[in-house]
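Visitor: I have a structure to look at and would like a guided tour of its side chains. Could you take me through it step by step?

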Amino acid sequence: MKGIERRIYVALMLLMAAVSSWGQESPFPYPAIPDLLQEPQARLEYLMERYWSMFDFNDTTVVNRATEEQGFVDYINMLQYCDSSLAAKSAKMFIDSIGKPEARLKHFESLIDHYLGNPNSPMRNDVVYAHLLRVLPQTPQRTFLIKQVTKNLPGTIAADFAYKDEDDVTRRMYDVKSPLTLLVFFDPYCEHCEKMLPQIKDQTAKVPAEAMAVVYVNTNGNDDVEKAYYLPALPSLYLLDAEKRVLIKDGSLELIMNALQQHE
């Protein structure tokens, strides 16, 4: 079983296990995947194309609101395992299913922003966020936000920029040569940065210098960075490979360190 298939399989198993654990507590009405479908990708496609088919969007009771939020959380978690075509198709089907009144759509818009747009959300994922933003009613603000969140997505080559190193020498990010590069964007006037930077330095010091370069980028007054990167909260960590391809975008320190352990 390939890596992506294994991740899809594990995600489906976790979802099904959660559904089973809820028993008779009126959980979200997940579609039953036919036993005939054995391939993880086929099972994922079946689920994501029918995910909201049995949910009653017109039921606005308190109980149903709690049920739909749990269903929504599971939905965006599964959406991250979809390829671009399936994610776009499923997202459009989701928004089309909501229908009217407009208040219902706005409710789900708030859930989308809360779970995917909030910099402090543990579920934040710009790839999934962009898919859902694209199928929502378009406004100038939303169009601008889509442009922002789609900058430097995982799998793309990170944008180059100029920065000043610890000796106040101007350098370019592309000139850094290393199997891995960790970009640490910070602002010296940011209280959270002041708290986190010592932890980042302590943890990254455990990684051999020849294995990963750590580049601290002061964003204050850096027009290059402001134009090329979307940084809604600082510090922000990006892990790049040798070709400067984004492996992790704006990940937590824990996520970065776990990825480094698996990379060894």
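Visitor: Which residues form one aromatic cluster with F28 and Y30?

Guide: This is a predicted model, where local features need pLDDT of at least 70, side-chain atom pairs count only at pLDDT 80 or more, and totals for chains, interfaces and linings use all residues. Residues are numbered from 1 along each chain as its sequence is written, and side-chain values use heavy atoms, leaving out hydrogens and water. Rings of Phe, Tyr and Trp (its six-membered ring) pair if their centres lie within 6.5 Å; planes under 30 degrees apart are stacked, over 60 edge-to-face, and the rest tilted. The cluster partners of F28 and Y30 are Y51, W52, F55, F57, F72, Y75, F94, F108 and Y115.

Visitor: How many aromatic pairs are there by this rule, and what kind is Y51 with Y75?

Guide: The count is 25 aromatic pairs. Y51 and Y75 sit 5.0 Å apart, centre to centre, with 50° between the planes. That pair is tilted.

Visitor: Where in the chain do Y51 and Y75 lie?

Guide: Helices are DSSP runs (H or I, at least four residues), numbered from the N terminus. The two tyrosines are 24 residues apart and link distant parts of the chain. Y51 is in the loop between helix 2 (40-50) and helix 3 (62-79), and Y75 is in helix 3.

Visitor: Are Y51 and Y75 buried or exposed?

Guide: Buried means under 20% relative accessible area, exposed over 50%, and partly exposed in between (1.4 Å probe, protein chains only). By that rule, both Y51 and Y75 are buried.

Visitor: Which residues have the most contacts inside the largest nonpolar core?

Guide: A nonpolar core is a set of buried Ala, Val, Leu, Ile, Met, Phe, Trp, Tyr and Cys residues joined through side-chain atoms within 4.5 Å. The largest has 38 residues. Those with the most contacts inside it are M48, W52, F72, Y75, F94 and L132.

Visitor: What does W52 touch, leaving aside its neighbours within four places in sequence?

Guide: Contact means heavy atoms within 4.5 Å. With those neighbours set aside, W52 is in contact with F28, F57, E68, G71, F72, Y75, F94, S97 and F108.

Visitor: Why does H131 count as buried?

Guide: H131 lies in helix 6. Sequence neighbours within four places aside, H131 is in contact with S84, A87, A88 and A91. H131 counts as buried because its relative accessible area is 10%.

Visitor: How many disulfides does the structure hold?

Guide: A disulfide is a pair of cysteine sulfur atoms within 2.5 Å. The number here is zero.
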